[in-house]
Amino acid sequence: MTRFSPQLRALDWLVARPIAHRGLHAVSKGVVENTESAFAAAITLNYAIECDVQLTADGEAVVLHDDSLERLTTRSGLVRACTTRELKQAKLKNSVDTIQTLAELLQQVDGRVTLVIELKSQFDGNMQLATRALHVLTKYQGPYCLMSFDPDLIAAVAALSPDTVRGITADRTTDTSYRTLPFARRMCVRHLDHLEKTRPHFISYHFRDLPFAPVQAIRERGFPVITWTVRSRQEEQQARRYSDQVTFESYTA
């Protein structure tokens, strides 16, 4: 029996299985995050898959977490400054895989497990990634949702495709990466003051920042909360006190 309110029980699929963070990856085994091999490993164990998508210079959605290429590939530069073809030619370190487009990921998964797709953002008002992702997903029949740290991107998803399940990825905005945001906007993100325009179906929250009253209030209203990124069974036990499912890596949930 779920604890969700009746109108939200259609989201049971979102929290039915632990969510493999960027796929089930292990660099020591040659399985790099956000790659075909990592996603195949997650599918084999019937885990849901969390992944990240970025926008390319030619307007494509590709599966990659970082804004720049240095950490994971032998190339340098910004993802958004590269074409899809250039990214396909970039060699991933410690891997035989290549960078996938969102369309290729959908073809690989083919509805077998849930996809939790994070739209990466520069917080610059560019809604092109939301538009492209929704277009690619138009005919996809498997279970999926879109989420982002950027409320504007999720508000765009809500406006463009109201029936698409969408969520807010969030934390208490203490990371240094938030320093580029104006203070008022940072506080809006911190306290989830954007809910009237984003109208999320769920929250994906940093487990170490819980409990947090705004998140718990949402959960008490019957909306699911998933947490990130859990890296041990001990952390999982902590996270599950305040959430309905975990996004995990570095162990088997």
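Here are four short exercises on this predicted model, each with a worked solution.

Residues are numbered from 1 along each chain as its sequence is written, and side-chain values use heavy atoms, with hydrogens and water left out. Because the model is predicted, local features need pLDDT of at least 70 and side-chain atom pairs count only at pLDDT 80 or more, while totals for chains, interfaces and linings use all residues.

**Exercise 1. Work out which side chains D97 makes polar contacts with, and what salt bridge partners it has.**

Step 1: Find the residue. D97 sits in the loop between α2 (84-89) and α3 (102-109). Helices (H or I, at least four residues) and strands (E, at least two) are DSSP runs, numbered from the N terminus.

Step 2: Look for a charged partner. D97 is buried but has no salt bridge, and K88, the nearest side chain of opposite charge, is 9.7 Å away. Here Lys and Arg count as positive and Asp and Glu as negative; His and the chain ends are not counted. Buried means under 20% relative accessible area, exposed over 50%, and partly exposed in between (1.4 Å probe, protein chains only). A salt bridge is a side-chain nitrogen of Lys or Arg within 4 Å of a carboxyl oxygen of Asp or Glu.

Step 3: Check polar contacts. The D97 side chain has one with the side chain of T35 at 3.3 Å and another with that of S37 at 2.7 Å. A polar contact is a pair of N or O atoms within 3.5 Å; within protein, one must be able to donate a hydrogen and the other to accept it, and residues adjacent in sequence count only if both atoms are side-chain atoms.

Step 4: Widen the view. Setting aside neighbours within four places in sequence, D97 is in contact (heavy atoms within 4.5 Å) with T35, E36, S37 and L92.

**Exercise 2. Decide how many residues of helix α5 are buried, and what covers them.**

Step 1: Count. In α5 (residues 151-160), 7 of the 10 residues are buried. Among them are L153, I154 and V157.

Step 2: Find the cover. It includes β4 (115-119), α4 (128-137), β5 (144-148), β6 (166-170), α6 (183-190) and α7 (195-198).

Step 3: Inspect the helix start. There, a side-chain oxygen of D150 comes to within 2.9 Å of the backbone nitrogen of D152.

**Exercise 3. Trace the salt bridges of D150 and D152.**

Step 1: Take D150. Its partner is R185, with the closest N and O atoms 3.6 Å apart. This pair links distant parts of the chain: R185 is in helix α6 and D150 in the loop between β5 and α5, 35 residues apart. D150 counts as buried because its relative accessibility is 1%, whereas R185, at 24%, is partly exposed.

Step 2: Take D152. Its salt bridge is with K197, the closest N and O atoms being 2.7 Å apart. Here D152 in helix α5 and K197 in helix α7 are 45 residues apart.

**Exercise 4. Place strand β9 among its partners.**

Step 1: Identify the pairing. Strand β1 (residues 19-21) runs parallel to β9, joined by 2 bridges, and β8 (residues 225-230) pairs with β9 in the parallel sense over 3 bridges. Two strands pair if DSSP finds at least two bridges between them.

Step 2: Match residues. I19 stands opposite T247, and T227 opposite V246.

Step 3: Check both faces. Q245 and T247 on one side, and V246 and F248 on the other, are all buried.
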